[in-house]
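Dear colleague,

I am handing over the structure below, together with some notes on what was found in it. Please read the notes with the coordinates open beside you.

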Amino acid sequence: MAYGQVIFSPTGGTERTAKIITSEWGDSIRTVDLSDPAGDFSSCVFGPEDVVLIGLPSFGGRVPETAARRLSQIRGNSAKCVLLCVYGNRAYEDTLAEMADLAGKCGFMVIAAVSAVAEHSIMRQYAAGRPDEKDIRELKSYGKAILEKLEAGGLKEMPQVPGNRPYKKAGGGGLVPKATKDCNNCGVCAGLCPVEAIDKTNAKKVDSKKCISCMRCVARCPESARKVNSAMVAAASLALKSACSVRKDCELFIY
């Protein structure tokens, strides 16, 4: 078997979580980065002997449209697939169901699915420090259990995952990070933006129609010079306080 992972992880939480699971699969893991706007995903082909983890964050209970569009270009060719949905401790709602449908359309055979929590990309106080030690132990055990069943030939059916069809209506981004007075126009944010929403010659110019509120520019700015509207974040934090304050644990869906 050959192993791979297809990841969309603007702020790093999904990538870190995926690596914890696949660490049980060995050192040779082929990685496809869906956050690369220059990626030629139509040339990405897997086969029946491959085992691929598809790791995506939940944006408002749905798969990010950018990630869905890029994933749809990949050819699975009956490769076995493990779904990983990462969310900020509120709810992932229809994300796993949508991921299962997308993977199937690409030709992957879904054999297992995982939901996991990572620090919220906008309201960082929610799920701060996660995946933590408890999460890491659980995720490693999931990776090991999946591998053991694979090697025993016991994973041949798609597990039932939570979610509704039709999916919930996708929400808009809304929170568009802006440069502060500390911005020195170094261009790091523009080079890393998954949707090229930031002008490469003037980082203070942002195309709000392109921005998906992924917060990569905020997380990666070396000067901490990109922020979102504090009043809007405070209002959103208050609205989500009840849902986000109770710890959600990781889940494994497998036959």
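**Strands, helices and an aromatic pair**

In this predicted model, strand β1 (residues 2-7) and strand β2 (residues 29-33) run parallel and are joined by five bridges. Between these two strands the chain passes through helix α1 (residues 13-22), and the β-α-β crossover that results is right-handed. On its other side, β1 pairs with strand β3 (residues 50-57), again in the parallel sense, over six bridges.

Tyr-3 is a convenient residue from which to follow this arrangement, since it can be placed with respect to both partners of β1: Ile-29 stands opposite Tyr-3 in β2, while Val-51 is the bridge partner of Tyr-3 in β3.

The three strands belong to an open sheet of six strands, whose order is β2-β1-β3-β4-β5-β8 and whose pairing is mixed. Because β2 and β8 (251-254) each have a single partner strand, they stand at the edges, and one side of each is left without a neighbour in the sheet. From one strand to the next, the twist averages 15°.

Two helix packings may be worth your attention. The first is that of α1 on helix α4 (residues 133-151), where the axes are 7 Å apart and the helices pack at an angle of about 50°. Since angles from 35 to 65 degrees fall between the roughly parallel and roughly perpendicular classes, α1 is oblique to α4. On the α1 side the contact is made by Arg-16, Thr-17, Ile-20 and Ile-21, and on the α4 side by Ile-136, Leu-139, Lys-140 and Gly-143. By character, the residues of this contact divide into four nonpolar, two polar and two charged.

The second packing is that of a helix on the sheet: helix α3 (residues 95-105) lies across β3, β4 (80-87), β5 (109-117) and β8, and runs at about 150° to β4.

Finally, the structure holds three aromatic pairs, and one of them brings us back to Tyr-3, which forms a tilted pair with Trp-25, at 5.5 Å centre to centre and with 40° between the planes. This pair links distant parts of the chain, for Tyr-3 lies in strand β1 and Trp-25 in the loop between α1 and β2, 22 residues apart.

With best wishes

Notes
Residues numbered from 1 in each chain as written. Predicted model: local features only at pLDDT ≥ 70, side-chain atom pairs only at ≥ 80, totals over all residues. Heavy atoms only, no water. Pairing = 2+ DSSP bridges. Helix = DSSP H or I, 4+ residues; strand = E, 2+ residues; numbered from the N terminus. Right-handed = clockwise from strand over helix to strand, strands pointing away. Axes fitted to C-alpha atoms, helices over the stretch in contact; angles between N-to-C directions. Parallel < 35°, antiparallel > 145°, perpendicular 65-115°, else oblique. Contact = heavy atoms within 4.5 Å. Nonpolar A, V, L, I, M, F, W, Y, C, P; charged D, E, K, R; others polar. Phe/Tyr/Trp six-rings, centres within 6.5 Å; stacked < 30°, edge-to-face > 60°.
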